[in-house]
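Let's take a walk through this protein together. Have a look at the chain below, and then we'll go through it piece by piece.

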Amino acid sequence: MAEDSPKRRKANFNEAETEVLIEQVLKHEQLLFAAGPGRASAGQKRKVWELIRHKVNPVAACPRDVEDLKKRWRDLKRRDRSKLCRLSQGCGPPAPPALGLLLAPEELPPVAAPPA
């Protein structure tokens with residue numbers, strides 16, 4: 001007989017999972033996110049996400065599926081951009097060293113020259 005227990009949420013991503021995810025997505029960034037006529041097909045992208053899933057799951061706290069990884073990637077990008085927005089408006093702590101990890105160079109705030 002099946003239990004009628006409520007659905008439990010998965011464990012949070014740990015640091016190792018996040019690092020592997022970032023490393024792999026950045027490695028395959030051109031295939032996953034390129035726009036224009038030379039972009040990858042949906043099938044190619046699905047294969048790349050499956051490859052990333054196979055790299056993340058050995059270090060994962062619980063098995064992750066492709067949708068979990070895509071959601072985590074979107075959340076990381078959103079959080080990084082919101083930090084950048086706060087920093088560019090001058091209302092936040094100094095930028096952490098890894099802020100530029102997910103942002104393209106043109107998205108980084110300009111670095112002020114030190115006073116002479």
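Going along the sequence, you'll meet the pattern α-α-α-α. That makes four helices and zero strands, where helices (H or I, at least four residues) and strands (E, at least two) are DSSP runs, numbered from the N terminus. Keep in mind that this is a predicted model, where local features need pLDDT of at least 70, side-chain atom pairs count only at pLDDT 80 or more, and totals for chains, interfaces and linings use all residues. Residues are numbered from 1 along each chain as its sequence is written, and side-chain values use heavy atoms, with hydrogens and water left out.

Start with helix 1. Its 13 residues should span 18 Å at 1.5 Å a residue, and its end C-alpha atoms are indeed 18 Å apart; the expected span is 1.5 Å times one less than the number of residues. Its buried residues are Glu17, Thr18, Val20, Leu21, Ile22, Gln24 and Val25. Buried here means under 20% relative accessible area (1.4 Å probe, protein chains only), with exposed over 50% and partly exposed in between. These buried residues pack against helix 2, helix 3 and helix 4.

Now jump to helix 4, residues 66-88. Its 23 residues reach 33 Å from first C-alpha to last, close to the expected 33 Å. Val66, Asp68, Leu69, Arg72, Trp73, Leu76, Asp80 and Leu84 are its buried residues, and they pack against helix 1 (15-27), helix 2 (29-33) and helix 3 (42-56).

So what sits in the middle of things? Look for the largest nonpolar core, a set of buried Ala, Val, Leu, Ile, Met, Phe, Trp, Tyr and Cys residues joined through side-chain atoms within 4.5 Å. Of its 14 residues, Leu21, Val25, Trp49, Ile52 and Leu69 touch the most other members. Helix 1, helix 3 and helix 4 each give two or more residues to this core. Take Ile52: leaving aside neighbours within four places in sequence, Ile52 is in contact (heavy atoms within 4.5 Å) with Leu21, Gln24, Val25, His28, Leu32 and Leu69.Finally, step back to the whole chain. Buried residues make up 27% of the 116 residues in the protein. Among contacts with a separation of 6 or more, residues 24 or more positions apart account for 59%.
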